[in-house]
Amino acid sequence: AAAAGMTTVNDARSIRGVRDKALAAAIGRVRGLPMPPTWAAARPELLAGIPAEEYPLVVKPADGSSGRSVHLVPSPDRLTELLPELAGTGLLIAQPYVPNPGVDIKVYCVGGELYATERRSPLHPDHPVRERRVPLTGEIAALGARIGAVYGLDLYGMDLLLGPDGPVVVDVNDFPSFRQVPDAAARVALAILELARTGRASGPAGLPGPGPLGAPAA
């Protein structure tokens with residue numbers, strides 16, 4: 001659709017830039033986003049080259065979603081044990097584990113507004129929190145706005161952890177579920193209609209939406 005000149009919800013290049021988690025991490029770190037160091041491997045056995053001092057690691061598919069197939073790997077020995085399970089999963093990424101309270105913060109941007117929810121981390125299945133709206137702090141709101149500018153996204157979500165040194169972005173989604181966003185279906189529909197009408201979405205706080213992969217807005 002984009003190649004034919006049609007208006008799309010998120011630029012096609014921006015979608016590719018976040019759906020490949022290895023590429024998303026490279027873009028984010030180059031642009032100064034708080035993202036963990038990331039290794040990518042076409043075959044799981046290549047992850048054995050990661051230094052032991054970087055453990056524990058979080059290992060997941062580069063094209064994964066919804067917390068599926070995410071592994072907390074405490075040591076190189078445990079990685080060796082996981083190799084048969086990881087075989088055939090395609091490109092993998094590995095990141096040092098960020099100590100956190102056991103919950104993920106999910107931030108959604110829709111119609112120029114940001115919303116935050118808290119949910120149980122897939123790495124901490126026994127945490128009592130399920131999913132709920134939480135206040136959006138100024139620091140997280142500013143980070144949410146930067147995500148849209150860096151990746152050139154109109155509607156999007158990001159997953160972050162509250163680590164010991166502040167928020168750390170661990171995932172960016174080009175069209176997330178928008179769960180817990182009030183009147184989500186209506187808000188998303190209105191945002192899409194506005195994009196269809198103008199050819200652009202509104203950025204956070206009503207600012208013009210960014211161009212693809214952080215290019216300045218026209």
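This report describes a predicted model of one protein chain, from its overall make-up down to single residues.

**Overall make-up**

The chain has 218 residues, and 44% of them are buried. It contains five helices and nine strands. Read from the N terminus, these elements follow the order α-α-β-β-β-α-β-β-β-β-α-β-β-α. Among contacts with a separation of 6 or more, 59% are between residues 24 or more positions apart.

**The four-strand sheet**

One open sheet has four strands in the order β1-β4-β2-β3, with antiparallel pairing. Its edge strands are β1 and β3 (71–73), each of which pairs on one side only. From one strand to the next, the twist averages 25°. Helix α3, residues 76–86, lies across β2, β3 and β4 and runs at about 155° to β3.

Strand pairing has a general basis. Strands of a sheet pair through backbone hydrogen bonds, and the arrangement may be parallel or antiparallel.

Strand β4 is joined to β1 (residues 39–41) by three bridges. Five bridges join β4 to β2 (residues 57–61). Both of these pairings are antiparallel. Some of the residues that face each other across these pairings are listed below, together with one pair from the other sheet.

| Residue | Partner residue | Strand of the partner |
|---|---|---|
| Alanine 40 | Isoleucine 93 | β4 |
| Lysine 60 | Isoleucine 93 | β4 |
| Valine 59 | Alanine 94 | β4 |
| Leucine 161 | Valine 168 | β9 |

Isoleucine 93 therefore appears in two rows: alanine 40 stands opposite it, and it is also the bridge partner of lysine 60.

**Strand β4 and alanine 94**

How many of the five residues of β4 are buried? Five of the five are, and the strand is mostly covered. In a regular strand, side chains alternate between the two faces of the sheet. In β4, Leu92, Ala94 and Pro96 point one way, while Ile93 and Gln95 point the other way. The residues on both sides are buried.

Alanine 94 belongs to this strand, which covers residues 92–96. Is alanine 94 buried or exposed? Its relative accessible area is 0%, and a residue counts as buried under 20%, so alanine 94 is buried. Leaving out residues up to four places away in sequence, alanine 94 touches Pro37, Thr38, Trp39, Leu47, Ile50, Leu57, Val58 and Val59. Alanine 40 is 54 residues from alanine 94 along the chain, yet their C-alpha atoms are separated by 6.5 Å.

**The five-strand sheet**

A second open sheet has five strands in the order β7-β6-β5-β8-β9, and its pairing is antiparallel. Strands β7 and β9 stand at the edges with a single partner strand each, so one side of each has no neighbour in the sheet. Neighbouring strands here are turned by 30° against each other on average, with direction ignored. Seven bridges hold the antiparallel pairing of β8 (residues 156–163) and β9. Helix α4, residues 138–151, packs on this sheet and touches β5 (103–110), β6, β8 and β9. The direction of α4 makes about 135° with that of β8.

**Serine 121**

Where is serine 121 found? Serine 121 is in the loop between β6 (113–120) and β7 (131–134). With a relative accessible area of 5%, serine 121 is also under the 20% limit, so it counts as buried. The side chain of serine 121 reaches the backbone nitrogen of leucine 123 at 3.1 Å. Not counting residues up to four places away in sequence, serine 121 touches Gly102, Val103 and Asp104.

**Cavities**

The model has two cavities of 30 Å³ or more. The largest cavity holds about 60 Å³ of space. Which residues line the largest cavity? They are Val18, Lys21, Ala24, Ala25, Met35, Ile93, Gln95, Val170, Asp171 and Val172. At least two lining residues come from each of α2 (21–30), β4 and β9 (166–173). Ile93 and Gln95, which belong to this lining, are the residues that point the other way from Leu92, Ala94 and Pro96 in β4.

Technical notes: Residues numbered from 1 in each chain as written. Predicted model: local features only at pLDDT ≥ 70, side-chain atom pairs only at ≥ 80, totals over all residues. Heavy atoms only, no water. Buried < 20%, exposed > 50% of the residue type's maximum accessible area, 1.4 Å probe, protein only. Contact = heavy atoms within 4.5 Å. Polar contact = N/O pair within 3.5 Å; in protein donor to acceptor, adjacent residues only side chain to side chain. Pairing = 2+ DSSP bridges. Axes fitted to C-alpha atoms, helices over the stretch in contact; angles between N-to-C directions. 1 Å grid on protein atoms, 1.4 Å probe; cavity = no way out; pocket = protein on both sides within 12 Å on 5 of 7 lines; lining within 4 Å. Points joined across faces, edges and corners; volume = space filled by probe spheres on them.
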